[in-house]
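Subject: Handover of a structure

Dear colleague,

Please find the structure below, followed by a summary of what was found in it. I would be grateful if you could read the two together.

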Amino acid sequence: MEGKGHVLKPRNVIESLSLKFWRTHFSYFPITVRLPPSGLSTSKQYVFGVHPHGIHCWALNVFSIPGGPLDVLTSLTSEGCLTGLAASVIFWIPVVRELFLQMGYVDAGRVVAGRAMDRGRSLFICTGGEEESMRTKVGEDVVVLNKRKGFVRLAVSHGADLVPVFGFGISDLYSTYSLGMGVRMWIQKTTGVALPFFHGRFLSPLPYKVPVRVVVGEVIKIEEGDVPEKGVRPDEKVVEKYHRMYVESLKRMHK
């Protein structure tokens, strides 16, 4: 599929059917989006942190699929403003790699992500990653964030505003099990590969039909005086400041 940025523009019948499938999954749960009162602009640059990961972070799809509920409200996807960040291991897996590339994702490594921001892209990332996926429990929203500061550092480095995003209902889309958790967590820490035990409807990977409400929090503006010169690493005290602001904003959203 071709287009500005990663906008999906089908070139044949198969790709048209694929895009139609991805759009219809929004009504399956259904997935809805609520924006902050201040709104979002296609002329500004953002770093969106998306929580929680769950078994699969379905909330990410509102950023990557044109014509989805976020795009209808903001045009950010159809205008080609967004790039997703995914773990490096994703791009080692055939078929999965192609799927993520098709949906506009790039490696979450600092260099690749920095290049995307240099091109004026806004980024979206599920910051909790594999560890958060492993810790998913039905009825609990587990967020791994205290030591996850790379996305904040990236935003400060490029003067892009931070935006917290929370998908209410994500944790309830699959039944999960703690059997062998210690060994599986060791594998995840050692290899970066998550091995959650889970199932959805009919004991399959099909998620339960639980409404997912994606709430986009208030924009956290990065002050111009806190942005370092190009190529200079941001002051860690500044990174800590914005990380604290981000965590507090996320907590307020979840109350």
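The protein chain has an average pLDDT (the predictor's confidence in each residue, from 0 to 100) of 91, and 93% of the residues score at least 70. Residues 1-5 have a pLDDT below 50, although this stretch has 16 contacts (heavy atoms within 4.5 Å) beyond near neighbours in sequence.

This is a predicted model, in which local features need pLDDT of at least 70, side-chain atom pairs count only at pLDDT 80 or more, and totals for chains, interfaces and linings use all residues. Residues are numbered from 1 along each chain as its sequence is written, and side-chain values use heavy atoms, with hydrogens and water left out.

The largest nonpolar core (buried Ala, Val, Leu, Ile, Met, Phe, Trp, Tyr and Cys residues joined through side-chain atoms within 4.5 Å; buried means under 20% relative accessible area with a 1.4 Å probe, protein chains only) has 38 residues. Among those with the most contacts inside this core are Ile31, Trp58, Val62 and Val214. Elements that give two or more residues to the core include helix 1 (13-28) and strand 6 (161-168); helices are DSSP runs of H or I with at least four residues, and strands are runs of E with at least two, numbered from the N terminus. A second, separate core of 27 residues includes Val47, Leu123, Val152 and Ala155.

Leaving aside neighbours within four places in sequence, Ile31 is in contact with His25, Phe26, Trp58, Val62, Pro69, Val212 and Val214.

Yours sincerely

How values were computed. Buried means under 20% relative accessible area, exposed over 50%, partly exposed in between (1.4 Å probe, protein chains only).
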